[in-house]
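User: I'd like to go through this one with you, a piece at a time. Could you keep the answers in plain sentences?

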Amino acid sequence: MRNTLTIASRQFRSYFNGPVAYIVICLVMIVIGIFFWPAFFLAGRASVRQMFTLIAYSVAFAGPALTMGLLAEEKRSGTLELLITMPIREAEVILGKFLAALGLWTVLLACTLPVPISVASLGHLDWGPVWSGYLGIFLMGGAVLAIGLSFSSFTDNQLVAFFLSCFVSFLLVLVIGWILPFLGGAVANVADFISFSSHIEALARGVIDSRDVIYFLSVTGFALMVAFRALESRRWS
Amino acid sequence: MSDVMIAARGLTKRYGPHRALDNASFEVKKGEIVGFLGPNGAGKSTTMKILTCYIAPSEGTAAIKGADIWDDPIGARAAIGYLPESTPLYGEMLVAEYLEFMGEMRGLQKDGLRKGIRRVVEECNLASFYAQEIRTLSKGQKQRVGLAQALIHEPPILILDEPMSGLDPNQAVEIRDLIRQLGKERTVILSTHNLAEVQVTCQRVLIISQGKLVADDTPQALTSRGRNRYTVVVAKGDKAREGAVREAFGKIKGVDSVRILESDSGETKLEVLPSSKDDLRADLFKAAVDGGFTLLELRQHAQNLEQIFRDLTLTASDDDEDDDDEEEEEAKPAAKAPAKAAAKDDEDEDEDEGSSKSTDKEKE
């Protein structure tokens, strides 16, 4: 665990040595600023559900941006070879990288806290759905980051990792939700099950359903396992 | 406890039908500095990557200080300090941060970490740029930081892949001295293309070609077992036409080939390569007398490591494909090496060491 935390700590600090973390945080805050407040004043209701929707949309590009270089850049620069030849396990590398990205995601979510605080000062805000919404968006972010990390483990090109994970994230977060009304029967059921938006909806309303939580945790675990296998596969290539 | 620090047994690595490494077995003992030589794509980096458990062999195994790379890869890695080719570092980190990170990854904590950092800063002379960002350092400084990270946990085994590539002569001398210093207490394997560096630094040489180990000996033993060659200079005359001279020397028993190196209006310079280690000076002199040539010079050259390397690996470097991306970058300088070496043959005074003798004789 100590190795995992050491890797996570280095990676987390390196986020702030480069522009990516600042750009992603700023963009998400700008999106919230532009789209949330006009809708909030128009609706005239003390609710931040719209903010969670915006963050959910943002994570589809923010997640891949934060994870694209995690392993791809280390592969390209050769530092991965040095890292892997330390007396540590591949799983610790994957977990450390994931925790660093998750840490940054937490920082990003913390930056949005002034929004519900401001809303609460303007009206009566029910904090229950706010916290469950944050839980949902945190879990969904984790799943997207794990997917991004797995794509980063397949290539040494950050852009390839970014576009592939963007494609999958947009599919899961947005596209499936959009086409769901046009689907029917078993296909609709499957699409509804795998769509991230279906699982985040209840959490944003304040309903913590264990199925939603388990779904996000399962996707995260599966994606991390894929990343681990991809990293391990270099030994046999 | 055995003093064998690295024991490789039957290491084979296949990339599809291509064998990057073919049944390589060797041992490295405690306190040895071993030079790993070979043309591009010969399997040097592949071997190092297998020993450091970065990749797995298709067949065979290796034990690093008793830890098998299959059964105990973590134990094997713990005994090694590794500097990969091109010295990958985190450019955005300060040297101090980087060493702290690498020390922690090597399992050092608190006092041990502080002591380790202090020691490598002194050993590798990092004090003047300790608080500097790595990306701002020169190539030689980066190389020293790379070595420092490999040494921070005081490993009994150091594996250095091309530690001196890309350095200017002054930086190369600095790093070479450092490696020699480190080799007094540790087992060191270093891969390189620089044969002079191997002769100066290493106690033992492993030459690998087309994935196979083709030589394993001390630099001195390797050079002494090589065949001598001769340069002969004869004055041009009616009898001493180029073809006639070459034919006369070519007929001598034990001569493998005769090559004309230079020919001008006054004299012809030839290189005679023997097929064995026998001394052919007397035969060459006799052939000159019998042929009626005016012998201006007869010189015997001891074969140096570079020629041994060429003899052992030349066919490999001609048709070998690189076995990995890193080695592709080395292809150009290595391809030039034989040509350069050939051009140097006539001029290089170093080659004349040992049994070089000059005999000026004039017939008639």
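User: How many bridges join strand 1 of chain B to strand 2 of chain B, and do they run parallel or antiparallel?
Analyst: Bearing in mind that this is a predicted model, strand 1 (residues 4-15) and strand 2 (residues 18-29) of chain B run antiparallel, and eight bridges join them.

User: OK, and which residue stands opposite Val4(B)?
Analyst: That is Lys29(B), which belongs to strand 2 of chain B.

User: What about the turn, how many residues lie between the strands of that hairpin?
Analyst: The hairpin of strand 1 and strand 2 of chain B has two residues between the strands, and in this hairpin Gly16(B) takes a positive phi near 65 degrees.

User: Zooming out, how many helices and strands are there in chain B?
Analyst: Chain B has 13 helices and 14 strands, and of its 364 residues, 41% are buried. Taking the contacts in chain B between residues at least 6 apart in sequence, 71% join residues that are at least 24 apart.

User: Switching to the contact with chain A, how many residues does each chain give?
Analyst: The contact takes 19 residues from chain A and 19 residues from chain B. On the side of chain A that touches chain B, helix 1 (2-17) and helix 5 (79-84) of chain A each supply at least two residues.

User: Which helix of chain A gives the most to that side?
Analyst: Helix 1 of chain A does, with five residues.

User: And how do the residues on that side divide by type?
Analyst: The side of chain A that touches chain B has six nonpolar, nine polar and four charged residues.

Key: Residues numbered from 1 in each chain as written. Chains lettered and ligands numbered in written order. Predicted model: local features only at pLDDT ≥ 70, side-chain atom pairs only at ≥ 80, totals over all residues. Pairing = 2+ DSSP bridges. Helix = DSSP H or I, 4+ residues; strand = E, 2+ residues; numbered from the N terminus. Buried ≥ 20, exposed ≤ 12 C-beta atoms within 10 Å, placed from the backbone. Contact = placed C-beta atoms within 7 Å. Nonpolar A, V, L, I, M, F, W, Y, C, P; charged D, E, K, R; others polar.
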